[in-house]
Amino acid sequence: MAKQPVAIDFDPDLLAELRAEEPGKPDRQLLEDLAHRKLGQSAVRRIRSSFDLPEDEAVALGVRAVRDARRES
């Protein structure tokens with residue numbers, strides 16, 4: 001299935017900044033890379049939020065992991 005291009009309005013100043021960061025790269029690739037980075041960051045935030053522990057619980061979990069590893073060796 002062929003991809004159909006989509007026309008968008010984009011802030012020319014922002015596009016100029018993207019072009020300056022990666023000269024020679026086509027605008028389409030610059031914008032696609034930007035979208036991929038944004039989606040990746042969103043995924044990381046979602047994953048982190050599901051493992052968000054209070055500090056005391058995180059420390060206790062770490063201590064247990066170290067003790068278990070020491071027992072196994």
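**View 1. Arg 28 in helix H2 of the predicted model.** Start with Arg 28, a residue that sits in helix H2 of what is a predicted model. Is Arg 28 buried or exposed? Arg 28 is exposed, since its relative accessible area comes to 52% and anything over 50% gets that label. Now look for Pro 5: 23 residues separate Pro 5 from Arg 28 in sequence, and their C-alpha atoms are 9.8 Å apart in space.

**View 2. Where helix H1 packs on helix H2.** Here we have H1, covering residues 12-21, against H2, covering residues 27-50. The two axes are 10 Å apart and cross at an angle of about 95°. That angle makes H1 roughly perpendicular to H2, because values from 65 to 115 degrees go in that bin.

**View 3. The residues that make the H1–H2 contact.** Zoom in on the side of H1 and you'll find Leu 15, Leu 18 and Arg 19. Across from them, H2 brings Asp 27, Leu 30, Leu 31, Leu 34 and Arg 37. What classes of residue does the contact of H1 with H2 have? Sorted that way, there are five nonpolar and three charged residues, with no polar ones.

**View 4. Ala 65 in helix H3.** Moving along the chain, Ala 65 belongs to helix H3, which takes in residues 55-72. Ala 65 counts as partly exposed, because its relative accessibility is 45%, and that label applies between 20% and 50%. Pick out Asp 13 as well: going from C-alpha to C-alpha, Ala 65 and Asp 13 are 50 Å apart in space, with their positions 52 residues apart in sequence.

**View 5. Stepping back to the whole chain.** Which elements does the chain have, and how many? There are three helices and zero strands, so read from the N terminus the order is simply α-α-α. Along its principal axes, the C-alpha atoms of the chain fill a box of roughly 60 × 35 × 25 Å. The radius of gyration is 22 Å, whereas a compact globule of 73 residues would have one near 11 Å.

**View 6. The surface of the chain.** How much of the chain is tucked away? Just 5% of the 73 residues count as buried. The exposed area adds up to about 6800 Å², and 57% of it is supplied by carbon and sulfur atoms. As for the residues picked out earlier, Arg 28 is exposed, while Ala 65 is partly exposed.

Technical notes:
Residues numbered from 1 in each chain as written. Predicted model: local features only at pLDDT ≥ 70, side-chain atom pairs only at ≥ 80, totals over all residues. Heavy atoms only, no water. Axes fitted to C-alpha atoms, helices over the stretch in contact; angles between N-to-C directions. Helix = DSSP H or I, 4+ residues; strand = E, 2+ residues; numbered from the N terminus. Parallel < 35°, antiparallel > 145°, perpendicular 65-115°, else oblique. Contact = heavy atoms within 4.5 Å. Nonpolar A, V, L, I, M, F, W, Y, C, P; charged D, E, K, R; others polar. Buried < 20%, exposed > 50% of the residue type's maximum accessible area, 1.4 Å probe, protein only. Rg over C-alpha atoms; globule rule 2.2 N^0.38 Å. Areas by Shrake-Rupley, 256 points an atom, 1.4 Å probe, with all protein chains shown as cover.
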